[in-house]
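Me: Please take a close look at one buried part of this model, and then connect it with the pocket, the backbone and the cysteines. I would like the cut-offs stated as you go.

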Amino acid sequence: MTWNPYYRGDGVERQETRLPDPPPWRSFPRVSSAGLFQPPEGLVGAVNAALALRRPLLITGSPGTGKSTVIEQVAAELALGPVLRWHVTSRSTLGDALYHYDALGRIHAHRLQQERTRAGEPDAGTDDIAAFMTLGPLGTALLPSDRPRALLIDEIDKADLDLPGDLLDVLERGEFRIEELRREGQELAYLRMSGEDAKHPVHSGHVQCTEFPFIVMTSNGEQELPAPFLRRCLRYTMPHPTPELVREVVRRHLQLDVPESGPLADLVDDFVRRVGDGERVAIDQLLSTLHLLDGPAKMEASERSGLIGLLMKNLSGA
């Protein structure tokens, strides 16, 4: 069979065509890969030091090296609950990560209530400011709790230059204030938590953690972070993969033993060489390629070569 069992480019409808099963990491709902992650040398010590010192762990490395999977494994082993996630972009602000206040929604609800009141309808109690507030991932992580929550701050190096500095006080003190609640004199408000339907009481607009969250921040090394920020973190750099490590990752994710020689072994060795030469290629690119090459469709040599070129492109290029 050649590599054209699904889409053939001829415009002919084939309702009987069945797509292949997806690879494990593209099945939904997503299943945590915590049990599949293989920590490289030194990472376990760095995690334990961050846990003991109550400091964020900053992990730097190339895309696809498993930086964001670390926290899933730690949260699973220590029963820290679901991982809170803050995906940083150039537009991210500290305020967005702490809480969101829908002021326009509140104004709109107030106007609707005024119209209902003029029509003789009862007051629906829509002016409660807490109904228009949601805690962000960082704000939720800092809520009082018996055990630390787990928070991933993904790609901190994508942030505006001011964001790391804005984070310093919150990470040092483990607290923040919600000024809108304080100004309105709301002594007790129940706010929705990030990623959950549950609400948590907040007193006088003040949130103070009782257990500092376990925070993992990831960086691709695209931007230099300020020294005062780095001083408050423990830092770990993901090492370049070795052929042995890559083979173990492949075995865990694909249940595939890569032989010592042959086309699959050549692909693994080429991946390790390219990473060592400074090219930006990710382990998930290799896994996707191996998943297809080891699949039921037996491709011709030209098809295999084209597929490898498609999936193993350098991430630094277009």
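**A helix residue and its surroundings**

Reply: Leaving aside residues up to four places away in sequence, V47 touches L57, V70, V74 and F214, where contact means heavy atoms within 4.5 Å. The model is predicted, and local features need pLDDT of at least 70, side-chain atom pairs count only at pLDDT 80 or more, and totals for chains, interfaces and linings use all residues. Numbering starts from 1 along each chain as its sequence is written, and side-chain values use heavy atoms, with hydrogens and water left out.

V47 sits in helix α1, which covers residues 43-53 (helices are DSSP runs of H or I with at least four residues, strands are runs of E with at least two, and both are numbered from the N terminus). With a relative accessible area of 8%, V47 is buried (under 20% is buried, over 50% exposed and anything between partly exposed, for a 1.4 Å probe and protein chains only). V47 and T89, by contrast with the contacts listed above, lie 25 Å apart in space, C-alpha to C-alpha, with their positions 42 residues apart in sequence.

Just beyond helix α1, R54 belongs to the loop that leads from α1 to β1 (57-60). The phi of R54 is near 55 degrees, which is a positive value in a residue other than glycine, and R54 counts as partly exposed because its relative accessibility is 44%. In the segment before α1 one finds P29, and the peptide bond that joins F28 to P29 is cis, its omega being near 0 degrees.

A second backbone feature of this kind is E155, which is not a glycine but has a positive phi of about 60 degrees. E155 is placed in the loop between β5 (150-154) and α6 (163-173), and its relative accessible area of 28% makes E155 partly exposed.

As for open space, the largest pocket holds about 1,100 Å³. Its lining is made of 39 residues, and G64, G66, T69, I283 and D284 lie nearest the centre. Two or more lining residues come from each of the elements α2 (69-78), α9 (243-254), α10 (263-276) and α11 (283-293), and α9 gives the most, with four. By type, the lining divides into 19 nonpolar, twelve polar and eight charged residues (Ala, Val, Leu, Ile, Met, Phe, Trp, Tyr, Cys and Pro are nonpolar, Asp, Glu, Lys and Arg charged, and the others, Gly among them, polar). A pocket here is an open set of points on a 1 Å grid over the protein atoms alone, where a 1.4 Å probe fits, with protein on both sides within 12 Å along at least five of seven lines, and lining residues have an atom within 4 Å of a point. Points are joined across faces, edges and corners, and the volume is the space filled by probe spheres set on them.

The cysteines can be settled briefly, since a disulfide is a pair of cysteine sulfur atoms within 2.5 Å, and by this rule the count is zero. The sulfur of C209 has its closest cysteine sulfur in C233, and at 15 Å this is too far for a bond. C209 is buried, at 12% relative accessible area, and C233 is buried at 9%.

A last position for orientation is A227, in helix α8 (residues 227-231), which counts as exposed because its relative accessibility is 56%. A227 and G165 are 9.8 Å apart in space, C-alpha to C-alpha, although 62 residues apart in sequence.
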